[in-house]
Amino acid sequence: MIEFQHVFKSYGRGRNILADINFRVEPGEFVFVSGPSGAGKSTLLKLIGGLEPPSRGSVHVNGHRIDRMPARARPYLRRAVGVILQDTHLLYDRNAMDNVMLPLDVMGLGARQAGNRARAAMEKVGLAGKEDLNPVEMSGGEQQRLAIARAIVNRPTILIADEPTANLDQDSGRRIMEVFRDFNRVGVTTLIASHDKALMASYAMRTLRIDGGRFSDIQGVA
Amino acid sequence: MNRWLRQHRYALKVALRRLAVQPFSSLSNILVVSLALVIPILAASVLVSIQPVARDLPVSPEITLFLKPSAGPDVAGKLADKLEREHGEDISQAIVVTREQALGKLKENPSWGEALAVLPGNPLPDAIIVTLADTLQGSGQASSLAAQWRTLDEIDTVQLDSDWVKRLEAILRFGRIGLAILAGVVALVVLATVFNTVRMQALAQREEIGVARLVGATESFVRRPFLYLGALTGVVASGIAVGLSAIALQPLNAALARLAQSYGTQLVLHLPDGVSLLLSTIVIAILAALAARWSVTRNTRI
């Protein structure tokens, strides 16, 4: 469950990136966060992922109130939230397998168990057999899928993705979306930020529309 | 293997990988720390080598009273008795060395024998060697007694034999303080070098640190490889410094042997003992790890 209550976010004394945001996402929901570039979609996702605290208001994720959570406790929450940022943030000094294994190294999992889980995650996103490749040797779509594999290897209950199809051709984008749908079908709460109206329309899911830091429209589409 | 150990093993692996990725840069940083460490190790070698020599020297002050050549043959004995009577508490013993005994002792040395043979008579005076009591408080009291005896009619010269030992001890004390200051300066060099090394590494690994935080790494997890990097730098640099010091002592000892021989003595410089070197390596490793922690905390702040 994700719940925002009167959430504001600003940097320093600047304008509010988010202003009085209120919404609730139930466990297992698939939700799009739409809006133009600079609308505050990425900031919203960062608040859910515990990557940044809100300036005001309360943010509840998986029953924890993030805004009151001490900084040292937030990493443990992040392990339950798979985050895929617009820039994949893959590490190019290691192969694909080691990239996927990083969250498991963080958790201190044994090499064999970590290896099995990483291979399974890569298989789920259609990258089986590409474990030894360096991410730089992969296509844009494969890199995006690798980032998804890294986000899901911890078996998160929430998956958030910021413009995951932005830099991909239509086919690759659709394949990525199918990967997200598959995870959602097994109960993973999924939030995807996008400004691609056609893409969102084709999935007919609930969409939270954000513009200028405010929710201008909330559509509940079954 | 438990989770804690696995995370430490991972941190060590990452630290080694980061060292290996930039071998020349890593090696040059280690060498800078090593060269800085060589100086106090050599200074400590000199101190620990000289200290036993000073320790073996008679440090209980002896005062030698040389009588005037005109003094009669029984004056020395009477004066020695008088001194023991009047300064019984301050004196451990007073031995008379007659001019004949002194000459005989001198003649035992072949290098003096020939010179003395050409002299028409015995040029040496009678002497009284006064060993002061251990209970004597400080060198000031010995100097005061020497000054008092210098005024006696029968006395020509008074020599406080422990003066040069005290000077040597003062030099060693000065050396120890100098070494402590030097160690402090070197500690600062180690801190600054490791701080900068880790700062550069932290900047180079910014992406990796960001991703690790993204997937739920704690700050300890992020910092740990840098702590290992600092500690490893300290340990390897200490090892190299000990090796370089040992190499440097070879030519120094060869030169020192010739110098010491000219004074009829032997002096060999050696490294401090293994336990001291091990302890100093541990201290350097801890210091370097602390510098690394400080640096990574400052340079990777969110």
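**Reading salt bridges, helix packing and odd backbone angles**

Me: Let's start with a pair of side chains: what joins B:Lys78 and B:Asp74?

Reply: The two side chains meet in a salt bridge, with 3.3 Å from N to O. The cut-off to keep in mind is 4 Å between a side-chain nitrogen of Lys or Arg and a carboxyl oxygen of Asp or Glu. Do remember that this is a predicted model.

Me: And are those two residues buried or exposed?

Reply: Over 50% relative accessible area counts as exposed, and under 20% as buried. B:Lys78 has 56%, so B:Lys78 is exposed. B:Asp74 has 44%, which means B:Asp74 is partly exposed.

Me: Which residues do salt bridges with shared partners join into one network?

Reply: A:Asp93, A:Arg94, B:Arg17, B:Arg18 and B:Glu208.

Me: How many salt bridges are there over all chains?

Reply: The count is 14 by that rule.

Me: Take B:Arg18 and B:Glu208, then. How far apart are the closest N and O atoms in that salt bridge?

Reply: They are 3.6 Å apart. Now look at where each residue sits: B:Arg18 is in helix H1 (residues 3-21) of chain B, while B:Glu208 is in helix H8 (residues 206-214) of chain B, so the bridge ties together parts 190 residues apart in sequence. Accessibility adds to the picture: B:Arg18 is buried at 6% relative accessible area, and B:Glu208 is buried too, at 7%.

Me: Which residue of chain A forms a salt bridge with A:Glu29?

Reply: That's A:Arg206, with 3.1 Å between the closest N and O atoms. A:Glu29 belongs to the loop between strands E2 (16-25) and E3 (30-34) of chain A, and A:Arg206 to strand E9 (residues 206-211), so this pair ties together parts 177 residues apart in sequence. Both A:Glu29 and A:Arg206 are buried.

Me: What does A:Phe32 touch, beyond residues up to four places away in sequence?

Reply: Among others, A:Met177, A:Ile192, A:Met200 and A:Tyr203, and A:Arg206 is on that list as well. A:Phe32 lies in strand E3 of chain A. With 0% relative accessible area, A:Phe32 is buried.

Me: Now helices. What describes two packed helices?

Reply: You give the angle between their axes and the distance between those axes. Try helix H5 (residues 140-152) and helix H6 (residues 170-185) of chain A: the angle is about 15° and the axes are 9 Å apart.

Me: Why are H5(A) and H6(A) called roughly parallel?

Reply: Angles under 35 degrees count as roughly parallel, and theirs is about 15°, so H5(A) and H6(A) are roughly parallel to each other. H5(A) passes H6(A) in a right-handed crossing. To see the contact, find A:Gly141, A:Gln144, A:Arg145, A:Ile148 and A:Ile152 in H5(A), then their counterparts in H6(A), including A:Ile176, A:Val179, A:Phe180 and A:Phe183. By class, this contact has six nonpolar, three polar and two charged residues.

Me: At what angle do helices H9 and H10 of chain B cross?

Reply: Roughly 145°, and the axes of H9 (residues 219-262) and H10 (residues 274-299) come within 7 Å. The crossing of H9(B) and H10(B) is right-handed. H9(B) contributes B:Gly230, B:Ala231 and B:Gly234, among others, and H10(B) contributes residues including B:Ala285, B:Ala288, B:Ala289 and B:Ala292. The class count for this contact is twelve nonpolar, five polar and two charged residues.

Me: On to the backbone. What is the phi of A:Arg155?

Reply: About 55°, which is positive although A:Arg155 is not a glycine. Look for A:Arg155 in the loop between H5 and strand E7 (158-162) of chain A. Its relative accessible area is 61%, so A:Arg155 is exposed.

Me: And where does A:Glu163 lie?

Reply: In the loop between E7 and H6 of chain A. A:Glu163 also has a positive phi, near 50°, in a residue other than glycine. At 6% relative accessible area, though, A:Glu163 is buried.

Me: One last residue: is B:Ala76 buried or exposed?

Reply: Buried, with a relative accessible area of 1%. B:Ala76 lies in helix H3 (residues 75-86) of chain B. Setting aside neighbours within four places in sequence, B:Ala76 is in contact with B:Leu67, B:Val96, B:Asp126 and B:Ile128.

Notes. Residues numbered from 1 in each chain as written. Chains lettered and ligands numbered in written order. Predicted model: local features only at pLDDT ≥ 70, side-chain atom pairs only at ≥ 80, totals over all residues. Heavy atoms only, no water. Axes fitted to C-alpha atoms, helices over the stretch in contact; angles between N-to-C directions. Helix = DSSP H or I, 4+ residues; strand = E, 2+ residues; numbered from the N terminus. Parallel < 35°, antiparallel > 145°, perpendicular 65-115°, else oblique. Left-handed = near helix turned anticlockwise from the far one by under 90°. Contact = heavy atoms within 4.5 Å. Nonpolar A, V, L, I, M, F, W, Y, C, P; charged D, E, K, R; others polar. Buried < 20%, exposed > 50% of the residue type's maximum accessible area, 1.4 Å probe, protein only.
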